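Q: Could you walk me through this one?
A: Gladly; have a look at it, and then ask away.

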Amino acid sequence: MTEPTTAIKETTVPTEIQRFTFGKWVFNINKAEEIIAAEPRVSIPTEVPGWAAVYQLDRLRPDYAGASWCPIFGPDQRSTR
């Protein structure tokens, strides 16, 4: 008679989802890492001041009197400078 065997199943421990919140948007960092791992690409570091200027975040200073919002998904197309 053959005795039953117990197979050890390899399991992964669930990882807490890393989130990044910006305003009312919540970004899933774990999913972003999965996407990058699935399609690796060369990354090019960007200096923060240059990136901020593209999104007009460089305008947000203590004396700023403009709009109370700023675009985060693309540059604002209005010219207000």
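What follows is a short conversation about the fold, the surface and a few side-chain pairs.

Q: Before anything else, what kind of model is this?
A: This is a predicted model, and the values quoted below are computed from it.

Q: How many helices and strands are there in the protein chain?
A: The protein chain has two strands and two helices, and along the sequence they come in the pattern β-β-α-α.

Q: And how much of the protein chain is buried?
A: Of the 81 residues in the protein chain, 10% are buried. The accessible surface comes to about 8,000 Å², and carbon and sulfur atoms account for 59% of that surface.

Q: What about contacts between residues far apart in sequence, say at least 24?
A: If you take the contacts between residues at least 6 apart in sequence, 11% of them join residues at least 24 apart.

Q: OK, on to the strands. Do β1 and β2 run parallel or antiparallel?
A: Strands β1 and β2 run antiparallel and are joined by four bridges. β1 covers residues 19-22 and β2 covers residues 25-28, and within this pairing Arg19 stands opposite Asn28 in β2.

Q: What happens at the turn, in the hairpin of β1 and β2?
A: The hairpin has two residues between the strands, and Gly23 takes a positive phi near 60 degrees there.

Q: Which residues make the nonpolar surface patch?
A: The patch is made by Phe20, Phe22, Trp25 and Phe27, and it has an area of about 360 Å². Both strands contribute to the patch, with β1 and β2 each supplying at least two of its residues.

Q: Let's stay with Phe20; where does it lie, and what is it in contact with?
A: Phe20 lies in strand β1, and once its neighbours within four places in sequence are left aside, Phe20 is in contact with Trp25, Val26, Phe27 and Ile29. Phe20 counts as partly exposed, because its relative accessibility is 43%, a value that falls between the limits of 20% for buried and 50% for exposed.

Q: How many aromatic pairs turn up in the whole structure?
A: A search of the whole structure gives one aromatic pair. The rings of Phe20 and Phe27 have their centres 6.0 Å apart and their planes at 35 degrees, so this pair is tilted; the stacked class would need planes under 30 degrees apart, and the edge-to-face class over 60.

Q: And the partner, Phe27: where is its place, and how exposed is it?
A: Phe27 has its place in strand β2, and with a relative accessible area of 30% Phe27 is partly exposed.

Q: Switching topic to charges: how many salt bridges does a search of the whole structure find?
A: That search finds one salt bridge, in which the side chains of Lys31 and Glu34 meet at 3.7 Å, N to O.

Q: Why would Glu34 and Lys31 be separated by about one helical turn?
A: Glu34 and Lys31 are three residues apart in helix α1, which spans residues 29-38, and therefore about one helical turn separates them. In general, side chains of opposite charge can pair when their charged atoms come close.

Q: Last one: how accessible are Glu34 and Lys31?
A: Glu34 is partly exposed at 48% relative accessibility, and Lys31 is partly exposed too, with a relative accessible area of 43%.

Notes: Residues are numbered from 1 along each chain as its sequence is written. This is a predicted model: local features need pLDDT of at least 70, side-chain atom pairs count only at pLDDT 80 or more; totals for chains, interfaces and linings use all residues. Side-chain values use heavy atoms; hydrogens and water are left out. Buried means under 20% relative accessible area, exposed over 50%, partly exposed in between (1.4 Å probe, protein chains only). Contact means heavy atoms within 4.5 Å. Accessible areas come from the Shrake-Rupley method with a 1.4 Å probe; for residues, only the protein chains shown count as cover. Patches are made of residues with over 30% relative accessible area and no salt bridge: like charges are joined within 9 Å, nonpolar side chains (Val, Leu, Ile, Met, Phe, Trp, Tyr) within 5 Å. A salt bridge is a side-chain nitrogen of Lys or Arg within 4 Å of a carboxyl oxygen of Asp or Glu. Two strands pair if DSSP finds at least two bridges between them. Rings of Phe, Tyr and Trp (its six-membered ring) pair if their centres lie within 6.5 Å; planes under 30 degrees apart count as stacked, over 60 as edge-to-face and the rest as tilted.
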